Amino acid sequence: MSYFIRLSTHFKFDDAIDRVTRALQTEGFGILTDIDVKATLKEKLDVNFKKYRILGACNPSFAYKAFQVEDQIGIMMPCNVTVIEQDNGHVDISIMDPTTAFNVIENEALQPFAQELKSRLERCLTYLEE
């Protein structure tokens with residue numbers, strides 16, 4: 001079982017960021033965090049790294065409902081999305097699979113939330129398919 005869902009694209013890196021952000025918004029997600037891994041590694045370690053961003057996406061209505069069921073669920077939030085420029089020129093967009101992540105929580109009431117989140121996140125990737 002994989003812990004992420006991936007789409008490999010021919011988009012330019014910045015275009016991929018814009019597209020995935022818009023796709024997430026279409027499904028009710030906002031970006032809470034945006035970590036530029038390349039810039040951070042350059043600043044902190046003075047190393048060169050490929051273009052790599054981690055977007056922390058959250059759907060507030062789903063988050064609120066999940067908090068009502070499991071108050072420690074914040075440990076698993078937000079849903080991370082990575083955008084990575086590969087050596088072959090492709091840009092991979094990967095999204096955390098919430099059903100896999102939520103399996104570690106022993107609360108069956110969360111499973112419907114996880115499945116609905118997964119469906120919405122998978123739809124986000126279908127909006128991006130070329």
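# Exercises on a predicted model

The side chains of R120 and E27 form a salt bridge, with an N to O distance of 4.0 Å. The model in which this pair occurs is predicted. The mean pLDDT of the protein chain is 94, and 98% of its residues reach 70 or more.

## Exercise 1. The salt-bridge network

Determine where R120 and E27 lie, and which residues are linked with them in a network of salt bridges.

Solution.

Step 1. Locate the two residues. R120 belongs to helix α5, while E27 is in the loop between α1 (13-26) and β2; the pair links distant parts of the chain, 93 residues apart.

Step 2. Look for a further partner of E27. The side chain of E27 also meets that of R123 in a salt bridge (3.0 Å, N to O). This pair, too, joins distant parts of the chain, since R123 lies in helix α5, 96 residues from E27 in the loop between α1 and β2.

Step 3. Look for a further partner of R120. A salt bridge of 3.1 Å, N to O, connects the side chains of R120 and E116. Both residues are in helix α5, four residues apart, which is about one turn of the helix.

Step 4. Assemble the result. E27, E116, R120 and R123 are linked in a network of salt bridges. The structure has eight salt bridges by the rule applied here.

## Exercise 2. Accessibility within the network

Classify E27, R120, E116 and R123 as buried, partly exposed or exposed.

Solution.

Step 1. Set the cut-offs: under 20% relative accessible area is buried, over 50% is exposed, and values in between are partly exposed.

Step 2. Apply them to the acidic residues. E27 has a relative accessibility of 7%, so E27 is buried. E116 has 31% and is therefore partly exposed.

Step 3. Apply them to the arginines. R120, at 22%, counts as partly exposed. R123, at 33%, is likewise partly exposed.

## Exercise 3. The sheet and helix α5

Give the strand order of the sheet, and explain why one side of β1 and of β2 is left without a neighbour in the sheet.

Solution.

Step 1. Write the order. The five strands form an open sheet in the order β1-β5-β4-β3-β2, with antiparallel pairing.

Step 2. Identify the edges. β1 (4-9) and β2 (30-36) stand there, each with a single partner strand, so one side of each has no neighbour in the sheet. From one strand to the next the twist averages 20 degrees.

Step 3. Examine individual pairings. Six bridges join β1 to β5, which run antiparallel, and F4 has M96 as its bridge partner in β5. Strands β3 (residues 52-58) and β4 (residues 79-85) also pair in the antiparallel sense over six bridges. In that region, I54 stands opposite T82 in β4.

Step 4. Add the helix. Helix α5 (residues 111-128) packs on the sheet and touches β1, β4 and β5 (91-96); the direction of the helix makes about 5 degrees with that of β1.

Step 5. Separate the faces of β1. In a regular strand the side chains alternate between the two faces of the sheet. In β1, the covered face carries I5, L7 and T9, and the uncovered face carries F4, R6 and S8.

## Exercise 4. The surroundings of D97

State whether D97 is buried or exposed, and which residues D97 touches beyond four places away in sequence.

Solution.

Step 1. Place the residue. D97 is in the loop between β5 and α4.

Step 2. Classify the residue. The relative accessible area of D97 is 5%, so D97 is buried.

Step 3. List the contacts. Leaving out residues up to four places away in sequence, D97 touches S2, Y3, F4, I5 and K118.

## Exercise 5. The cysteines C58 and C79

Decide how many disulfides the structure holds, and whether C58 and C79 are buried or exposed.

Solution.

Step 1. Compare the sulfur separation with the cut-off. A disulfide requires cysteine sulfur atoms within 2.5 Å. The cysteine sulfur nearest to that of C58 belongs to C79, 7.3 Å away, and C58 is in no disulfide. C79 is in no disulfide either, its nearest cysteine sulfur being that of C58.

Step 2. State the total. The structure holds zero disulfides.

Step 3. Classify both cysteines. C58 counts as buried at 14% relative accessibility, and C79 counts as buried at 8%.

Conventions: Residues numbered from 1 in each chain as written. Predicted model: local features only at pLDDT ≥ 70, side-chain atom pairs only at ≥ 80, totals over all residues. Heavy atoms only, no water. pLDDT = per-residue confidence, 0-100. Pairing = 2+ DSSP bridges. Helix = DSSP H or I, 4+ residues; strand = E, 2+ residues; numbered from the N terminus. Axes fitted to C-alpha atoms, helices over the stretch in contact; angles between N-to-C directions. Contact = heavy atoms within 4.5 Å. Buried < 20%, exposed > 50% of the residue type's maximum accessible area, 1.4 Å probe, protein only.
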